[in-house]
Amino acid sequence: SLHKMIRMITCALGGEGYLNFMGNEFGHPEWIDFPREGNNSSYHYARRQWNLVQDPLLRYQHLKNWDKAMLELEANHPWLNTQQAYVLTKDDTDKLIIFERGDL
């Protein structure tokens with residue numbers, strides 16, 4: 001849930017675009033490390049495991065579905081091209097952020 005909320009806050013408050021960095025498509029468990037001198041020109045981590053999202057025993061499908069729903073919400077209620085968000089309340093004790101952006 002925290003990962004999903006971070007994505008939503010980044011998309012809603014982050015500016016005029018949402019960039020999901022390579023490797024975060026659905027919370028990928030590894031990093032991208034292209035062949036270089038420091039890793040002996042290894043290709044071992046220069047790959048994505050796209051099959052993880054299709055494994056029903058794993059939860060990557062839920063992050064994929066979250067991103068899809070979040071981007072559909074933005075398509076139906078465009079906020080990325082609106083004025084910056086106005087933060088009404090943020091409370092560290094209650095872990096609460098209330099903000100307005102676009103028509104939401």
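## Leucine 80, a nonpolar core, a pocket and asparagine 39

Leucine 80 touches Cys11, Gly15, Glu16, Gly17, Tyr18, Glu74 and Arg101, leaving out residues up to four places away in sequence; contact means heavy atoms within 4.5 Å. The model is predicted, so local features need pLDDT of at least 70 and side-chain atom pairs pLDDT 80 or more, while totals for chains, interfaces and linings use all residues. Residues are numbered from 1 along each chain as its sequence is written, and side-chain values use heavy atoms, without hydrogens and water.

Leu80 also belongs to the largest nonpolar core, together with Met8, Cys11, Ala12, Met70 and Trp79. Such a core is a set of buried Ala, Val, Leu, Ile, Met, Phe, Trp, Tyr and Cys residues joined through side-chain atoms within 4.5 Å. With 3 residues, α1 gives the most to this core.

The largest pocket is lined by Leu2, Met5, Ile6, Ile9, Lys90, Asp91, Asp92, Lys95, Leu96 and Ile97. Three elements give two or more residues each to this lining, α1 (2–13), β1 (86–91) and β2 (96–100). α1 provides the largest share, 4 residues.

| Lining class, largest pocket | Residues |
|---|---|
| Nonpolar | 6 residues |
| Polar | no residues |
| Charged | 4 residues |

Asparagine 39 is found in the loop between α1 and α2 (60–76). Asparagine 39 counts as buried because its relative accessibility is 14%, the cut-off being under 20% relative accessible area with a 1.4 Å probe and protein chains only. Its side chain reaches the backbone nitrogen of arginine 36 at 3.0 Å. Beyond neighbours within four places in sequence, asparagine 39 is in contact with Asp33 and Phe34.

Note on methods:
On a 1 Å grid over the protein atoms alone, a cavity is a set of points where a 1.4 Å probe fits but cannot get out, and a pocket is an open set with protein on both sides within 12 Å along at least five of seven lines; lining residues have an atom within 4 Å of a point. Ala, Val, Leu, Ile, Met, Phe, Trp, Tyr, Cys and Pro count as nonpolar, Asp, Glu, Lys and Arg as charged, and the others, Gly among them, as polar. Buried means under 20% relative accessible area, exposed over 50%, partly exposed in between (1.4 Å probe, protein chains only). A polar contact is a pair of N or O atoms within 3.5 Å; within protein, one must be able to donate a hydrogen and the other to accept it, and residues adjacent in sequence count only if both atoms are side-chain atoms.
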